[in-house]
Amino acid sequence: MQLTQIVFSPTGGTQQVVDILTEALGLPFSQIDLTDAQKDFAAVSLPADSLAMIAVPAYAGRVPAVAAQRLTQIQGNQSRCVLVSVYGNRAFEDTLVELQDVAEKAGFQVLAAVAAIAEHSIMHQYAAGRPDAVDKQQLRGFAEQIQARFNQQGAGGLALPGNRPYKTAAPLPMTPKAGGDCVGCGLCAEICPVQAISREQPQKTDAKKCISCMRCVARCPKGARKVNGALVAMAAMKLKKACSARKENELFI
């Protein structure tokens, strides 16, 4: 059996969780990168007898809009899938139910779902160092249960926590900017999931397009792209109560 990772992971935390689950399943796999703005997702068609792992970070309790839009172009062909929502120790809210709706619209049958913790992509003090050793052990246990569920052949009708209609999308208004260390290499423009950074002048970012995914910050070889420190500190203070107590990974099956 072939496993296909279908992942939107701008800064790598979601991919970490997916890789732990994939390794534990022990299946050969291929990857589809939902951050790739140049890919023709409509040309992707999965075999009906395959298994997909569809993973996104929770952005204020929702699926990132660009990830949802790209996922709906893929032809699932009634193959079964595992949904994964990764969040920075606050809450995943409506992410899984929205991802379920998007996946089913693309022709997938939802077999199971995982809500997992990874280090917050903006406020790194929350869930710092996660997934940690405890997380990895939990996720490996989840993979065993997912494998057993797959072997039972059935899928569909999975009840997941969350609300329909979904909560109103409220992205963090934090657009990274290039500082004096920027050498204009253009890597940030090349890898931006929504092409918000000018290829000709990478110091310029379209704030209306930017989704504050922090991919450019995480990948800049010079560390030249940053978010306003005062805004980050204010946001961290607002989230302190919700994010301070350790949350645990959850499996829905």
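# A tour from a salt bridge to the largest pocket

Select arginine 246 and aspartate 135: their side chains meet in a salt bridge, with N to O at 3.4 Å. The pair links distant parts of the chain, 111 residues apart, with arginine 246 in the loop between helix 7 (229–244) and strand 8 (250–252) and aspartate 135 in helix 4. The model is predicted.

Colour the two partners by accessibility. Arginine 246 is partly exposed, with a relative accessible area of 41%. Aspartate 135 has a relative accessible area of 0% and is buried, because anything under 20% counts as buried. Now extend the selection to Arg130, Asp132 and Glu248. Salt bridges that share partners join these residues with Asp135 and Arg246 into one network.

**Glutamate 93 and its two partners**

The count of salt bridges comes to eight. For another part of that set, select glutamate 93 together with arginine 90; their side chains meet in a salt bridge, 2.4 Å from N to O. Add lysine 167, which also forms a salt bridge with glutamate 93, the closest N and O atoms being 3.1 Å apart. Lysine 167 and glutamate 93 link distant parts of the chain: lysine 167 is in the loop between helix 4 (133–151) and strand 6 (177–178), glutamate 93 is in the loop between strand 4 and helix 3, and they are 74 residues apart.

How accessible is each of these side chains? Glutamate 93 is partly exposed, at 28% relative accessible area. Arginine 90 is partly exposed at 25%, and lysine 167 is partly exposed at 26%.

Stay in the loop between strand 4 and helix 3 and select asparagine 89, which has its place there. Is asparagine 89 buried or exposed? Its relative accessibility is 3%, so asparagine 89 counts as buried. Draw a distance from its C-alpha atom to that of alanine 128: the separation is 9.5 Å, although the two residues are 39 residues apart along the chain.

**Strand 4**

Step back along the chain and select strand 4 (80–87). Eight of its eight residues are buried, so strand 4 is largely enclosed by the rest of the structure. Both faces are covered. On one side are Arg80, Val82, Val84 and Val86, and on the other are Cys81, Leu83, Ser85 and Tyr87.

Next, show the neighbours of strand 4 in the sheet pairing. Strand 3 (residues 51–57) runs parallel to strand 4 and is joined to it by seven bridges. Strand 5 (residues 109–117) also runs parallel to strand 4, with eight bridges between them. Valine 82 is a useful residue to click on. Its bridge partner in one direction is methionine 53, and in strand 5 its partner is alanine 112. Further along, tyrosine 87 has isoleucine 117 in strand 5 as its bridge partner.

Turn on the helices to follow the connections. Strand 3, helix 2 and strand 4 make a right-handed β-α-β unit. Strand 4, helix 3 (residues 95–105) and strand 5 make a right-handed β-α-β unit as well.

**Strand 5 and strand 8**

Select strand 5 alone. Eight of its nine residues are buried, so strand 5 is largely enclosed by the rest of the structure. Besides its pairing with strand 4, strand 5 is joined to strand 8 by three bridges, and here the strands run antiparallel. To find the contact, select alanine 115, whose bridge partner in strand 8 is glutamate 250.

**The largest pocket**

Finish with a surface view. Which residues lie nearest the centre of the largest pocket? They are Ala58, Tyr59, Ala60, Gly61 and Arg62, out of a lining of 38 residues. The space in this pocket is about 840 Å³. The elements that give two or more residues to its lining are helix 1 (13–25), helix 2 (65–71) and strand 4. Helix 2 gives the most, with three residues. Colour the lining by class to see 23 nonpolar, ten polar and five charged residues.

With the pocket still shown, reselect strand 4 and helix 2. Both contribute to the lining, and both belong to the β-α-β unit that begins with strand 3.

Definitions and conventions:
Residues are numbered from 1 along each chain as its sequence is written. This is a predicted model: local features need pLDDT of at least 70, side-chain atom pairs count only at pLDDT 80 or more; totals for chains, interfaces and linings use all residues. Side-chain values use heavy atoms; hydrogens and water are left out. On a 1 Å grid over the protein atoms alone, a cavity is a set of points where a 1.4 Å probe fits but cannot get out, and a pocket is an open set with protein on both sides within 12 Å along at least five of seven lines; lining residues have an atom within 4 Å of a point. Grid points are joined across faces, edges and corners, and a volume is the space filled by probe spheres set on the points. Helices (H or I, at least four residues) and strands (E, at least two) are DSSP runs, numbered from the N terminus. Ala, Val, Leu, Ile, Met, Phe, Trp, Tyr, Cys and Pro count as nonpolar, Asp, Glu, Lys and Arg as charged, and the others, Gly among them, as polar. Buried means under 20% relative accessible area, exposed over 50%, partly exposed in between (1.4 Å probe, protein chains only). Two strands pair if DSSP finds at least two bridges between them. A crossover is right-handed if, with the strands pointing away from the viewer, the path from the first strand over the helix to the second runs clockwise. A salt bridge is a side-chain nitrogen of Lys or Arg within 4 Å of a carboxyl oxygen of Asp or Glu.
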